[in-house]
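This report goes through one protein model, from the overall layout to selected contacts and backbone angles. Please look at the sequence and the structure first.

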Amino acid sequence: MRHRLLSASLLGVSLLLAACTSPSSPAPAPGPGPVVDTPTATGRVLTVGPGKTYATVRAAVAAALDGDTVRIDPGTYTNDFFEVNRKITIESASGLARLVATVPPPNGKAIITTNTDVTLRGLELTGTKVPDRNGAGVRYQGGHLVIEDSYLHDNENGLLAASATLGSIRITRTEFAHNGLGDPGQTHNLYVNEVGQLTFERSYSHSAVVGHEFKSRARSTTITDSRLFDLNETASYSIDTPNGGNLTVTGSVIEQGARSTNSAIMTYGTEGLTREGRTVTISGNTFVNRRSTALGILNPGKVPMTVTNNTLYGLSVTQFLNGTTGTVSGNVVTTTLPVLDTSHPFTR
């Protein structure tokens, strides 16, 4: 094919038309590192793994812009620590991408530290230990965090969340296991301070080491269709909401193990009712107690609650309610030990 040169006049017209139709502001400069040629509707896809654009997750996260996705090949990424300051998604390409800590993270906090809106999907996070004994797989510091199809285990804390009253955390199909340091029980499978909303759905927290399976100081906490089991570990409370707030627990199975270090299965307001909400619904759950002595709900403020249609094994209705009043009906005792589902909840 022959290429014809434009005449000077036609070239001038072409340049004028281009100038008229170009945007008035310059296009944003690309982030550091190689530009990835896999755009999506909302941003770029930055690939991580052997032979991919980035060798480490840290490098891809540093190069990301708002709306980008960091996609990680399956494999183990050792001491690949980072903070997230852009509104991005970090996900495995398939299965679980394994991020392992064998040394303390440089920031003294976590494998992943999130400071803004972030989605984490298909990640396994394990091994975090820091000098102040409060390290985490994920450290939340603000924004809206989503954790899906992930596995946080054998850290000092699985998830540790700072207070962010306008923030939220949603956890779906995710497992927390064997997190905690032991005595004095101040590290937990997950511990969320004052955020606006904490949602734990279709997820599984089990075998915390002395600490709690689930601890929330959120203004509103929802646990639905989930499992919280001590199994053979020494966990303390199954559900701890020490400052009150709105609380919903539905469709879940909660098991207190024989080695639990506390008689109560769940608490409400044990450190003062400092959250505004007082709407509590505990309905349609199964509670299993294998401890020699047990109480169900520790509710020192005697806040009226809706506690209905729960099935109890190993404790009576009176032990379970422990003086709680309100709408309390349909709670029944079974003498048949329920079978506990210990399968992984993640689907990748």
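What does the accessible surface of the protein chain come to, and what percentage belongs to carbon and sulfur atoms?

## Overall layout

The accessible surface of this chain comes to about 14,900 Å², and carbon and sulfur atoms hold 54% of that area. The model is predicted. It has 3 helices and 32 strands. Of its 348 residues, 52% are buried. For contacts between residues at least 6 apart in sequence, 65% join residues at least 24 apart.

## The 11-strand sheet

One open sheet is formed by 11 strands in the order 3-6-9-12-15-18-21-24-27-30-32, and the pairing is parallel. The edges are strand 3 (75-78) and strand 32 (332-333); each has a single partner strand, so one side of each is left without a neighbour in the sheet. Strands of a sheet pair through backbone hydrogen bonds, in either a parallel or an antiparallel arrangement.

Within this order, strand 9 (residues 123-126) runs parallel to strand 12 (residues 151-153), and 3 bridges join the two. One residue pair illustrates the register: Thr-126 has His-153 in strand 12 as its bridge partner.

## Strand 1 and the crossover to strand 2

Strand 1 (residues 45-48) is covered on both faces. Val-45 and Thr-47 lie on one side, Leu-46 and Val-48 on the other, and all of these are buried. In a regular strand the side chains alternate between the two faces of the sheet.

Strand 1 pairs with strand 2 (residues 69-72) in the parallel sense over 4 bridges. The bridge partner of Val-48 in strand 2 is Ile-72. Between these strands the chain passes through helix 2, and this β-α-β crossover is right-handed.

## The largest nonpolar core

The largest nonpolar core has 63 residues. Those that touch the most other members are Val-70, Ile-90, Ile-112, Leu-159 and Ile-169. Helix 2 (residues 57-63) gives the most to this core, with 4 residues.

Leu-159 has an extended list of contacts even when residues up to four places away in sequence are not counted. Among them are Val-138, Tyr-140, Leu-145 and Leu-152, along with Ile-169, Ile-171 and Phe-176. The list also includes Asn-189, Leu-190, Tyr-191 and Val-192.

## Salt bridges

A search of the whole structure finds 16 salt bridges. Side chains of opposite charge can pair when their charged atoms come close. In the salt bridge of Arg-58 with Asp-80, the closest N and O atoms are 3.4 Å apart. Arg-58 lies in helix 2 and Asp-80 in the loop between strand 3 and strand 4 (82-84), so the pair ties together parts that are 22 residues apart in sequence. Arg-58 is partly exposed, with a relative accessible area of 38%, whereas Asp-80 is buried at 4%.

Arg-170 forms a salt bridge with Glu-148, with 3.8 Å between the closest N and O atoms. This pair links distant parts of the chain, with Arg-170 in strand 14 (residues 164-172) and Glu-148 in strand 11 (residues 144-148), 22 residues apart. Arg-170 is partly exposed at 31% relative accessibility, while Glu-148 is buried at 12%. Arg-173 forms a salt bridge with Asp-149, the closest N and O atoms being 2.9 Å apart. These residues are 24 apart: Arg-173 is in the loop between strand 14 and strand 15 (175-177), and Asp-149 in the loop between strand 11 and strand 12. Both Arg-173 and Asp-149 are buried. Elsewhere, salt bridges that share partners join Arg-71, Glu-91, Arg-121, Glu-148, Arg-170 and Glu-201 into one network.

## Positive phi angles

Most residues other than glycine have a negative phi. Arg-133 has a positive phi near 65°. Arg-133 is found in the loop between strand 9 and strand 10 (136-140), and is partly exposed at 44% relative accessibility.

Arg-173 also has a positive phi, near 50°. Is Arg-173 buried or exposed? Its relative accessible area is 19%, and the cut-off for buried is under 20%, so Arg-173 counts as buried.

Notes:
Residues numbered from 1 in each chain as written. Predicted model: local features only at pLDDT ≥ 70, side-chain atom pairs only at ≥ 80, totals over all residues. Heavy atoms only, no water. Buried < 20%, exposed > 50% of the residue type's maximum accessible area, 1.4 Å probe, protein only. Contact = heavy atoms within 4.5 Å. Areas by Shrake-Rupley, 256 points an atom, 1.4 Å probe, with all protein chains shown as cover. Pairing = 2+ DSSP bridges. Core = buried A, V, L, I, M, F, W, Y, C linked by side-chain atoms within 4.5 Å. Salt bridge = Lys/Arg side-chain N within 4 Å of Asp/Glu carboxyl O. Right-handed = clockwise from strand over helix to strand, strands pointing away.
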